Amino acid sequence: MYQRILVPIDGSETAQRGLEEAIALASRLGATIRLFHVVDSLAVYVGMADQATLDEGRLELRADGLKLLQEARQRVAETGVQVDARLLECAAPSIGELILDEVRLWSADLIVMGTHGHKGIRHLVLGSDAEYVVRRSPVPVLLVRATG
């Protein structure tokens, strides 16, 4: 059935819940998981004045992303599921678009991701990468909601 499961992670509780669901599914199916994290360098530019500060901020975000991927990779590996990880560093106009690019690049056949489940005004203000992915994905998407 599903053999290549893409799991976008961002360090949030909902992403962690998505990862746990992906591990359970991959264990049952004998699938491989690819962890995917985007370091949005565009976020560094907001409020930064000089190049040295920009470079420092970018390096810090990259280090945080690598640490997040390493911890998640270790968690998956402990279960015996095959896992690899990819960090993408760019000025991201749409994380959802980058997730779908990764689906095509890696030939994923399922995406498992957490969603915050915002509604109303909060959803309009915050947007939704999960919604973007669901509406445009060429493969099935399993959304794991936040608790509460």
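**Exercise 1. Count the salt bridges and trace those that form a network.**

The count of salt bridges comes to 9, where a salt bridge is a side-chain nitrogen of Lys or Arg within 4 Å of a carboxyl oxygen of Asp or Glu. This is a predicted model, in which local features need pLDDT of at least 70 and side-chain atom pairs count only at pLDDT 80 or more, while totals for chains, interfaces and linings use all residues. Residues are numbered from 1 along each chain as its sequence is written, and side-chain values use heavy atoms, with hydrogens and water left out.

Step 1. Which residues are linked in a network of salt bridges? They are R34, D84, R86 and E102.

Step 2. Take the pair D84 and R34, whose side chains meet in a salt bridge at 3.0 Å, N to O. D84 lies in strand 3 (residues 82-90) and R34 in strand 2 (residues 32-40), 50 residues apart. Helices (H or I, at least four residues) and strands (E, at least two) are DSSP runs, numbered from the N terminus.

Step 3. Take the pair R86 and E102, with a salt bridge of 2.5 Å, N to O. This pair joins strand 3 to helix 4 (residues 95-106), and its members are 16 residues apart.

Step 4. Assign burial: buried means under 20% relative accessible area, exposed over 50%, and partly exposed in between (1.4 Å probe, protein chains only). R34 is buried at 12%, and E102 is buried at 1%. D84 is partly exposed at 21%, as is R86 at 26%.

**Exercise 2. Describe helix 1 by its span, its buried residues and its end.**

Step 1. Helix 1 covers residues 13-29, which is 17 residues. From its first C-alpha to its last it reaches 24 Å, close to the 24 Å expected at 1.5 Å a residue; the expected span is 1.5 Å times one less than the number of residues.

Step 2. Which residues of helix 1 are buried? The list is T14, A15, G18, L19, A22, I23, L25 and A26. An α-helix has 3.6 residues a turn, so residues three or four places apart point the same way.

Step 3. Just after helix 1, G30 takes a positive phi of about 70°.

**Exercise 3. Find what helix 1 pairs with or approaches elsewhere in the chain.**

Step 1. Which side chain meets that of E20 in a salt bridge? The partner is R75, at 2.7 Å, N to O. R75 lies in helix 3 (residues 51-78) and E20 in helix 1, 55 residues apart.

Step 2. Both ends have accessibility values: R75 is partly exposed at 31%, and E20 is partly exposed at 28%.

Step 3. S27 also lies in helix 1 and is partly exposed, with a relative accessible area of 42%. Its C-alpha atom is separated by 9.2 Å from that of Q82, 55 residues apart along the chain.

**Exercise 4. Summarise the whole chain.**

Step 1. The protein chain has 6 helices and 5 strands, in the order β-α-β-α-α-β-α-β-α-α-β from the N terminus on.

Step 2. Of its 148 residues, 40% count as buried.

Step 3. What percentage of contacts between residues at least 6 apart in sequence join residues at least 24 apart? The value is 77%, with contact meaning heavy atoms within 4.5 Å.

Step 4. The chain exposes about 8300 Å², and carbon and sulfur atoms supply 51% of it. Accessible areas come from the Shrake-Rupley method with a 1.4 Å probe; for residues, only the protein chains shown count as cover.
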